[in-house]
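Got the viewer open? Let's take a short walk through this model, one selection at a time.

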Amino acid sequence: MSEITLVEAVNLALARAMNEDDEVLLLGEDIGVNGGVFRATNGLQARFGRARVIDTPLAEGGIAGVAVGMAAMGLKPVAEIQFSGFIYPAIDQIINHASRLRNRTRGRMTCPMVLRSPCGAGIHAPEHHSESPEAMFAHMPGLRVVAPSSPARAYGLLLAAVRDPDPVIFLEPTRLYRLFREEVADDGVELPLDACFMLREGADATVVTWGAMVPETLAAAEKLEEEGVTIEVIDVATLKPLDIETILRSVEKTGRCVIVHEAPRTAGFGAEIAAEIAERALYSLLAPIKRVTGYDVVVPLAKLERQYMPSVDRIIDGVRQVMEAS
Amino acid sequence: MGSMEMGFDLNVDFVQLLSPSGEISKAASASAKDIDRLVRFYRAMTRTRTFDNKAISLQRTGQLGTFASALGQEAIGIGTAAAMEERDVLVPSYRDHAAQFSRGMSMSECLLYWGGDERGSDFKHARGDFPNCVPVATQAPHAVGAAYALMMRKEDRVVVTFIGDGGTSNGAFYEALNMAGVWKTPVVVIINNNGWAISTPRELESAAETLAQKAVAAGVEGRQVDGNDVIAVHEVVRRAIEKARSGGGPTLIEALTYRLGDHTTADDASRYRDPEIVRAQWTREPIARLRSYLVSEGAWSKEQEAELLKACAEEVDREVAAYLNASPLSSDAMFDHLYAKLPDSMQWQLEDARRFAERKEHGDV
Ligand SMILES: Cc1ncc(C[n+]2csc(CCOP(=O)(O)OP(=O)(O)O)c2C)c(N)n1
Ligand SMILES: [Mg+2]
């Protein structure tokens, strides 16, 4: 066991998956000799060869499309889109093919691919490098959508994603790539792709979040505890399919819910969670549901990204609001 | 078309007028050798390089975000911009500040952009030029659409766009070129083939012998030029622009150069390319090449060189100061230009952002 970063955990899981299954292969821009611009695939081309770690031409639609073809033939491609701001041409292949090949062929053909991509703001990156597109993918029937928030969860969830028989969108928050280290055992044990992670128990409110907002929320929880408010923190790392039961159970217990995400508010994935709670646990609520999210603006360049992203302060404010409401 | 038997002779020429050691070709016309113009080119390339060095050191000292330098590729931008009229439209990629400076974008605007401030794209001059384009190749169709607009309005203007060698692997590039061919839009597409797309070498991007030949499939003229030879770049682009202006349609120009620096300041090229190759490429770079020609013609002296370097350094320092002293951005800036008018339903978000912006503890983990 050793303490590793989230990006190292991604690397470890990919190596493990490639080692245990010769039909797993990686493709993407600059993932070979360079090891990926974030080094997520560092050393893997040297270890597994150029046939299984492919430096592709610069063509995201093509990368996703050939991955569909490979997967339909039974390979297990793990395609990297260098930044999620460049994932949009790939969406054509994902929504029109990857997500529905099984359905269209009544199960005769399947698409066991993974599309990995760094996402999110907060690293002072250039334009188009700070997107949070999870809700777009969650809206597409037939996909799984995962966004890990710690090295151990990244390792276990990525292994599960590669082994899963259906297409998985795997969004890696760049801000967490090297934010902290955690013990990760390279034991090949996967984590379930349809269960929330209860990160902290509490009595007063449930805070539901994922991705880069998880450390912010945990920090908010620490501060709130000093004020005597204890919150339950749920990491929805597997956004789709959504484990709403864990969330409902928690909300039934605490009676208050705050949903935190970095993506813009309107039609963000928080809206889905809020709607589910409203439909199924409304009478347990002591206060209206509160969302703390990115604003409905184009994610700004570096100078203002801190003003855009929900901060510890904004999360605490959100929790105080639901506490004051009742 | 129409015949049962058809073939096609692929023909892509290559133009070089100034050799790497600075000898002028016999093919160079008198106007191509106009010494005053060449001195202007030399000054402009040196200005860009001085800026690039400074921008990299600003990034290294935490005063600038990620930056993409044009080191070694200055001739493409300078030769191209000089062939354009002010009223023409530039549709840049993200490595085209050499051309943008010639067209009036200020160095401080360039720094604001890379420093994470949208005001850097609100050019004071060259207001008809497009902003930088980071999603590779997505600018190519914009250039064709813009050229279509000029054509439809019968305006005497053309569009010039840049794209990288890697960018030509992308569907948007092929689609744009194809449309330009069909519609005969007044557009010049210039490929900055610097040999690399981050770590991906040219040969992993395409099996084609040249990138210029990609024009053939679109029914467009394709040419290659020595992209480190500012005289040739200027000549070839000038002709393509003349052709576009006179209704002759689009041209694809592949300018062969070399990325002497890292891809950006976020990159470490030593991970994937042999420093020996880079050292060899330094013997071909555009500035020393033109200098040796100018010196051999008696048109450039040590004193002029020293004066130029001093003037460039002073300008860069002034522009850096303007950048560093830019007024702070308020959180309102996120909302100011989102729509022509911020929808009333969003006003509370603007106020919410203000409320938190004022707080000190608005930090992160
Ligand atoms: C569509 C898209 N995919 C990926 C990237 C990330 N990226 C930025 S520059 C670059 C390489 C571009 O190479 P090239 O087109 O040759 O231009 P150069 O940077 O060499 O000037 C990549 C992959 C991007 N900006 N846009
Ligand atoms: Mg290139």
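Start by selecting ligand 1 and whatever is around it, meaning residues with a heavy atom within 4 Å. You should get 19 residues, and A:E60, B:Y94, B:R95, B:D165 and B:W196 come nearest. Look at the chain letters: residues from chains A and B surround ligand 1, so this site is shared between chains.

A quick word on what you're looking at: this is a predicted model, where local features need pLDDT of at least 70 and side-chain atom pairs count only at pLDDT 80 or more, while totals for chains, interfaces and linings use all residues. Residues are numbered from 1 along each chain as its sequence is written, chains are lettered from A and ligands numbered from 1 in the order in which they are written, and side-chain values use heavy atoms, with hydrogens and water left out.

Now color that shell by class. Nine residues are nonpolar, six polar and four charged (Ala, Val, Leu, Ile, Met, Phe, Trp, Tyr, Cys and Pro count as nonpolar, Asp, Glu, Lys and Arg as charged, and the others, Gly among them, as polar).

Next, zoom in on the oxygen atoms of ligand 1 and hunt for polar contacts (pairs of N or O atoms within 3.5 Å). Click B:Y94: a polar side-chain atom there is 2.6 Å from a ligand oxygen. At B:R95, a side-chain N or O atom lies 2.7 Å from an oxygen of ligand 1. For B:G167, pick the backbone instead, where a polar atom sits 2.8 Å from a ligand oxygen. Turn on the surface too: the protein covers 95% of the 570 Å² of accessible area that ligand 1 has on its own (Shrake-Rupley method, 1.4 Å probe).

Which protein atoms are the donors of the magnesium ion, ligand 2? Select B:D165 (OD), B:N194 (OD1) and B:W196 (O), lying 1.9 to 2.1 Å from the ion; donors here are N, O and S atoms within 2.8 Å of the metal, or 3.2 Å for Na, K and Ca, and water is not among the atoms, so sites may look incomplete.

Are B:D165 and B:W196 buried or exposed? B:D165 is buried, at 2% relative accessibility, and B:W196 is buried at 13% (buried means under 20% relative accessible area, exposed over 50%, partly exposed in between, with a 1.4 Å probe and protein chains only).

Last stop: select B:C110, which is buried at 3%. The closest cysteine sulfur is in B:C312, 15 Å off and too far for a bond. The structure holds zero disulfides over all chains (a disulfide needs two cysteine sulfur atoms within 2.5 Å).

Terms used: Polar contact = N/O pair within 3.5 Å; in protein donor to acceptor, adjacent residues only side chain to side chain.
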